[in-house]
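Q: Please take a close look at the salt bridges in this model. Which side chains pair up, and where do they sit?

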Amino acid sequence: MSKQAVTVTETEIVIIAEYFALKDNTCANKEWLLDIFSTHYTDQLITVNADDGENLTASGFLEFLETICEIFNIDKKSVVINTHNPQLTEPFTFKFKTLAVFISANRMIPAIEKDITQARFVGTIIGRFTPTRMRLAYELDQAFPNDNFTIFQSRHWWYHEPFISLYPKEQAWFANKKFDSDLVSSARSGRIPPDDAFHSYPNCWNQYQIEIVCETDPFGDFWFTEKLAKPLSTGKPFLLVSGLGSLARLREMGIETFSSVIDESYDQAPTPTKRICAIVNSLQMLYNDTTRSEKIAQMYRIAERNQEHYKKYAKSQGHNV
């Protein structure tokens with residue numbers, strides 16, 4: 001039997017957020033939720049479980065939940081929301097979850113025999129198709145056509161066909177580009193499960209000098225997953241495509257970033273595309289620098305320190321590393 005989006009008992013209504021706050025940051029299935037509350041709500045406790053890093057604000061789900069509370073005269077503070085976003089405070093009662101996948105890298109990634117003497121300049125590992133991930137892969141390949149290592153699991157423009165006419169260059173590139181390969185996803189979306197991504201990471205580590213991590217949520221600064229944990233836990237320098245202020249959030253967690261070597265103002269770019277363009281500009285400045293080798297070596301020294309910072313953070317979250 002499939003997992004149910006909403007479970008109703010005499011005492012509680014439990015809402016699974018993934019069915020309403022979708023990965024593309026839209027709010028779905030509003031009619032279902034309105035019908036369920038209209039036919040089943042009898043003053044039960046309300047619990048929302050956002051177990052997979054759902055962005056409850058960017059998707060508009062919290063706003064819709066407020067509307068439900070107003071329609072059915074529900075005290076908003078009585079609604080308990082379990083989330084990974086530590087910045088949420090009002091108007092509901094928020095309980096914060098540990099980034100369980102993010103802190104599990106050290107016990108999941110096999111030992112790596114490190115040798116980057118033949119490595120390309122940059123690399124990125126992408127599973128499912130999203131506009132942000134397409135943009136990142138495209139811009140990296142345009143900027144460093146013979147010096148990037150790019151895995152793109154999805155070989156389909158997927159459900160974005162209505163936007164093809166606006167992307168003729170990108171569409172042609174995506175159709176003809178021969179990407180690098182490692183694991184082969186069994187899902188049409190290109191998704192690789194976290195455990196598989198951890199286990200296969202040593203196959204990719206030596207292929208590039210700097211990793212460009214494209215996190216799951218391009219709007220949030222809190223949902224860090226195995227994608228970022230892999231370079232952090234193994235001493236690989238990285239730049240990060242995530243929500244505005246994500247590097248600042250990492251520094252609050254005790255992680256060092258690379259501002260002493262590379263321009264990290266991209267962290268304040270207002271949209272994912274502008275962030276990617278700023279990242280590419282920063283990389284091009286480094287690529288054309290006469291002291292590039294020394295600067296990359298400096299980035300590796302920071303990355304090595306991050307291995308210890310990462311362990312410390314994981315321990316602070318109760319994870320045995």
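**Salt bridges, one pair at a time**

A: Glu139 and Arg135 are both buried. The model is a predicted one, and in it these two residues form a salt bridge, with 2.9 Å between the closest N and O atoms. Both belong to helix H4, which spans residues 131-143, and because they are 4 residues apart there, about one helical turn separates them.

Side chains of opposite charge can pair when their charged atoms come close. A search of the whole structure gives 16 salt bridges.

Another of these pairs joins Asp51 and Lys97, whose side chains meet at 3.3 Å, N to O. Asp51 is in the loop between strand E3 (45-49) and helix H2 (61-71), while Lys97 is in the loop between strand E5 (93-96) and helix H3 (105-108), so this salt bridge ties together parts that are 46 residues apart in sequence. Asp51 has a relative accessible area of 42%, so this residue counts as partly exposed. Lys97 is also partly exposed, at 32%.

A further salt bridge is made by the side chains of Arg251 and Glu264, at 3.5 Å, N to O. This pair links distant parts of the chain, 13 residues apart: Arg251 is in helix H9, and Glu264 is in the loop between H9 and H10. The two ends differ in burial. Arg251 is partly exposed, with a relative accessibility of 42%, whereas Glu264 is buried, with a relative accessible area of 11%.

The loop between helix H9 (246-252) and helix H10 (272-287) also holds Ile255. Ile255 counts as buried because its relative accessibility is 4%. Leaving aside residues up to four places away in sequence, Ile255 touches Leu232, Leu250, Asn306, His309 and Tyr310.

Salt bridges can also be joined to one another. Glu66, Glu70 and Lys76 are linked in a network of them.

Disulfides are another kind of link to look for, and a search of the whole structure finds 0 of them. For Cys27, the closest cysteine sulfur is in Cys69, 13 Å away, which is too far for a bond. Cys277 has its closest cysteine sulfur in Cys214, also at 13 Å, and that too is too far for a bond; the cut-off is 2.5 Å between the sulfur atoms. Cys277 is partly exposed, with a relative accessible area of 34%.

Conventions. Residues numbered from 1 in each chain as written. Predicted model: local features only at pLDDT ≥ 70, side-chain atom pairs only at ≥ 80, totals over all residues. Heavy atoms only, no water. Helix = DSSP H or I, 4+ residues; strand = E, 2+ residues; numbered from the N terminus. Buried < 20%, exposed > 50% of the residue type's maximum accessible area, 1.4 Å probe, protein only. Contact = heavy atoms within 4.5 Å. Salt bridge = Lys/Arg side-chain N within 4 Å of Asp/Glu carboxyl O.
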